[in-house]
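Student: Could you take me through one part of this model in detail, starting from a single residue and moving on to the aromatic side chains?

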Amino acid sequence: MRLTAAAFAACLPLALMAQDGPQVSLAESADLGPYIVGPGGKPLYMFRTGQRAGDDLPAIESCNERCRTDWPLVEVPEEIEVGEGVEADLAATLTWEDREVLVYGERTMFTFVRDAPGEEPVGHGVHTYGGWWFLVQPNGEPVDAPRLEFVED
């Protein structure tokens with residue numbers, strides 16, 4: 001996919017514009033609309049395992065060690081800073097294996113190894129590791145999936 005300068009600017013996370021910005025902020029895609037990004041400006045994903053060929057396990061259990069290589073958990077300090085347009089009451093942490101992991105809208109947050117800050121997200125709507133991966137809207141719900149892509153585990 002080739003981005004014009006305007007499209008590139010539209011998907012630049014606010015966190016990239018201010019280097020010491022919040023840990024959770026907003027980005028926008030011309031195709032997908034607004035979605036949240038985490039530390040370093042990487043898009044954040046929820047893992048839905050209870051629908052359409054999912055394994056119906058909790059996300060943090062379904063995404064095993066191999067999965068977490070491709071879809072790393074988002075680690076944050078206990079105190080989470082959020083940017084404008086992000087709902088602070090939806091941001092929390094979960095202690096998992098002695099690490100503080102980001103939770104947004106009661107869902108564990110992950111990033112995707114193939115995504116880069118400021119570029120169009122590529123993990124949205126992918127099915128792999130026992131479930132579906134979706135970007136997260138500021139209200140904590142999944143971004144609508146305009147395309148669904150099956151990836152072999």
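Tutor: In this predicted model, T111 has a relative accessibility of 12%, and because buried means under 20% relative accessible area, T111 counts as buried. T111 is placed in the loop that runs between β6 (107-108) and β7 (126-128). Leaving aside residues up to four places away in sequence, T111 touches K42, P43, L44, Y45, D70, W71, P72 and V74.

Two of these contacts, Y45 and W71, lead into the aromatic side chains, since one aromatic cluster is formed by Y45, F47, W71, F110, F112 and W133. The count of aromatic pairs comes to seven. One of them joins F47 and W133, which are stacked with 3.9 Å centre to centre and 10 degrees between the planes. This pair links distant parts of the chain, with F47 in strand β3 (residues 45-48) and W133 in strand β8 (residues 131-135), 86 residues apart, and both F47 and W133 are buried.

W133 also pairs with W71: the ring centres of W71 and W133 lie 3.9 Å apart and their planes meet at 5 degrees, so this pair is stacked. Here too distant parts of the chain are linked, as W71 belongs to the loop between α4 (65-70) and β4 (91-96) while W133 sits in strand β8, 62 residues apart. W71 counts as buried because its relative accessibility is 1%, and W133, at 0% relative accessibility, therefore counts as buried.

Key:
Residues are numbered from 1 along each chain as its sequence is written. This is a predicted model: local features need pLDDT of at least 70, side-chain atom pairs count only at pLDDT 80 or more; totals for chains, interfaces and linings use all residues. Side-chain values use heavy atoms; hydrogens and water are left out. Helices (H or I, at least four residues) and strands (E, at least two) are DSSP runs, numbered from the N terminus. Buried means under 20% relative accessible area, exposed over 50%, partly exposed in between (1.4 Å probe, protein chains only). Contact means heavy atoms within 4.5 Å. Rings of Phe, Tyr and Trp (its six-membered ring) pair if their centres lie within 6.5 Å; planes under 30 degrees apart count as stacked, over 60 as edge-to-face and the rest as tilted.
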